[in-house]
Amino acid sequence: MFVYLPASKPRIPLSSPIPRYSAYHPPNLSYQTLPPPSMASFLRFLLFLSISLRLSLPISSFTPLQDPIVLPVSRDSATLQYTTVIRSADSLQPIKLAVDLGGPALWLDCDHHSSSLLRRNFVPSRSIHCSAANSDGLLRRTTPGACVVGAQNGVVGSRAAGQLAEGAFAVGSTDGSGSTARVDRFLFSCGSGFLLSGLASGAVGMMGLGRTRISPPAQFASAFDFRRRFAVCLSSEGFLAFGDSPSESILGPEISKSLLYTPLVISSVADAGSKSPAGHEYFINLKSIRVNGERVYLGKDRIGLAKLSTTVPYTLMETSVYRALTEAYLKAAAANNMTRTKPISPFAHCFRSTNQSVPVIDIALQSEMVKWRIQGRNSMVSVKGNGEEGEVVCLGFLDGGSNLEASVVIGGLQLEDRALEFDLDSSRLGFSSSLSMEKQSTPCSSFVPRLTSS
């Protein structure tokens, strides 16, 4: 089911033809006789080629949509994964996908589900489509007539080779009319059935939102003439939005103007299995950590980058960082008169639930002035106690080991009820304070009834 935001656009009933947008629509090129080649003309040719490759990404041949594309997001209660739904343009059947914020592309299980959900065409190896995948380091190999790319399950870390394919999807804008637009030639990877292991029930693939040329943010931007920008608002019920100003369009100008910005940076360690040195995950700088205003001593070279992830439910920390944080947190909890209880797996530090305030964790990003504040329900997890202990809450941070790909991997609990806007053209992340902790208390789920009204 798609979600919509009321606006003044004319209604386009589902019985009417669905407007078509091409996910890969190369520009019309005119040719002229060139003078004999020289070094200057060769360099101009290379520049022209690079621009042509950029323009060959999804480009709409129709009037651009004025409203962002919005997809619903739900938290699966069994796995704590976030799932979304996109539809087949031909049958309008819903296709449930797990959301992988840093995943390289959308992939479907073509062994069992894809053929029954939508018609697809495989992409040949000698095509601009395959070249786009290759430029992102996703290409595994080419065989006669086939472009083989990688597909990954970001939850369990499994990977497999799959053929690059294109199909037609239907997406909804936020005009509140129940209208949809058809996106033709949308690229995705045909994964194997075993990649579904560990995913939420009913999911037939994953929607990867990473920084690649064939990820949904890039393809939607080109198909609808948007900027490469998308917003994420996670909760039990939340949304993904793609457009020029996705946060402002849905959350309103007050929240949009309150966003703080930090650069999206490139990890010096390539994603495992990727040829791309930049990778496709989202990393931000991490300067320091404070608990109740007191700086946590982490030692030299112990902190540097934080990765944002929707495939881990709780924040992971490199062992030395985790130990330093928890030591400071327990000290602050004692000062707040919080009573410790026995640990409850997977959490190591639990407390009897009372009305005492819990310590506040501040993560300074590129400077001490730009802080990601974690408090209340974003730091503590309510769990069932052992009878005598009554209500129990546990610190929602886990030891990620000594070989974690970043000092900190910010997980789902700490991402929830916070407006996140990824501006890929400017390579920056906008983030709000906790929406559930504000005086007006407007968590992400509070916007869903508004979005679904028509």
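## The loop between strands 20 and 21

Ile-344 is found in the loop that runs between strand 20 and strand 21. The model described here is a predicted one. With a relative accessibility of 17%, Ile-344 counts as buried, because the limit for that class is under 20%. Along the sequence, Ile-344 is 49 residues away from Val-393, yet the C-alpha atoms of Ile-344 and Val-393 are 9.4 Å apart in space.

Pro-346 also has its place in the loop between strand 20 (340–341) and strand 21 (350–352). The peptide bond that leads from Ser-345 to Pro-346 is cis, and its omega is near 10 degrees.

## The sheet of strands 20, 21, 25 and 24

The two strands on either side of this loop belong to an open sheet of 4 strands, arranged in the order 20-21-25-24 with antiparallel pairing. Strand 20 and strand 24 (380–384) are the edge strands, and each of them pairs on one side only.

Strand 20 and strand 21 run antiparallel and are joined by 2 bridges. Within this pair, Thr-341 stands opposite Cys-350 of strand 21. Helix 7 lies across strand 20, strand 21, strand 24 and strand 25 (391–395), and runs at about 10 degrees to strand 21.

## The sheet of strands 17, 16, 22 and 23

A further open sheet has 4 strands in the order 17-16-22-23, and the pairing is antiparallel. Strand 17 (294–295) and strand 23 (371–374) stand at its edges; each has a single partner strand, so one side of each is left without a neighbour in the sheet.

Strand 16 (residues 288–291) and strand 22 (residues 361–364) run antiparallel and are joined by 4 bridges. In this pair, Ile-289 has Ile-363 of strand 22 as its bridge partner. Helix 7 (residues 319–335) lies across strand 16 and strand 22, and its direction makes an angle of about 20 degrees with strand 16. Helix 7 thus lies across strands of this sheet and also across strands of the sheet that holds strand 20 and strand 21.

## The largest nonpolar core

In soluble globular proteins, nonpolar side chains tend to be buried together. In this model the largest nonpolar core has 73 residues, and the members that touch the most others are Ile-289, Trp-372 and Phe-422. Helix 7 gives the most to this core, contributing 7 residues. Of the three residues named, Ile-289 is the one already met as the bridge partner of Ile-363.

## Pairing around strand 15

Strand 15 (residues 282–285) pairs with strand 14 (residues 260–265) in the antiparallel sense, over 2 bridges. Here Val-265 has Phe-283 in strand 15 as its bridge partner.

Strand 15 also pairs with strand 18 (residues 305–308), again in the antiparallel sense, over 4 bridges. In that pairing, Asn-285 stands opposite Leu-305 of strand 18.

## Helix 4

Helix 4 (residues 216–223) is mostly covered, with 8 of its 8 residues buried. The buried residues are Pro-216, Pro-217, Ala-218, Gln-219, Phe-220, Ala-221, Ser-222 and Ala-223. Just after helix 4, Asp-225 takes a positive phi of about 60 degrees.

## Positive phi in two loops

Leu-92 lies in the loop between strand 3 (82–88) and strand 4 (94–100). Although Leu-92 is not a glycine, it has a positive phi of about 60 degrees. Its relative accessibility is 24%, and Leu-92 therefore counts as partly exposed.

Ser-427 lies in the loop between strand 28 (420–423) and strand 29 (428–431). Its phi is near 50 degrees, which is a positive value in a residue other than glycine. Ser-427 is partly exposed as well, with a relative accessible area of 27%.

## The cavity

Rolling a probe the size of a water molecule over the atoms shows where empty space is left. In this model the count comes to 1 cavity of 30 Å³ or more. The largest cavity has a volume of about 40 Å³.

The largest cavity is lined by Gln-81, Tyr-82, Ala-98, Val-99, Val-155, Met-206, Thr-310 and Thr-311. Of these lining residues, Tyr-82 falls in strand 3 (82–88), while Ala-98 and Val-99 fall in strand 4 (94–100).

Conventions: Residues are numbered from 1 along each chain as its sequence is written. This is a predicted model: local features need pLDDT of at least 70, side-chain atom pairs count only at pLDDT 80 or more; totals for chains, interfaces and linings use all residues. Side-chain values use heavy atoms; hydrogens and water are left out. Buried means under 20% relative accessible area, exposed over 50%, partly exposed in between (1.4 Å probe, protein chains only). Two strands pair if DSSP finds at least two bridges between them. Contact means heavy atoms within 4.5 Å. Axes are lines fitted to C-alpha atoms, for helices over the stretch in contact, and angles run from 0 to 180 degrees between N-to-C directions. A nonpolar core is a set of buried Ala, Val, Leu, Ile, Met, Phe, Trp, Tyr and Cys residues joined through side-chain atoms within 4.5 Å. On a 1 Å grid over the protein atoms alone, a cavity is a set of points where a 1.4 Å probe fits but cannot get out, and a pocket is an open set with protein on both sides within 12 Å along at least five of seven lines; lining residues have an atom within 4 Å of a point. Grid points are joined across faces, edges and corners, and a volume is the space filled by probe spheres set on the points.
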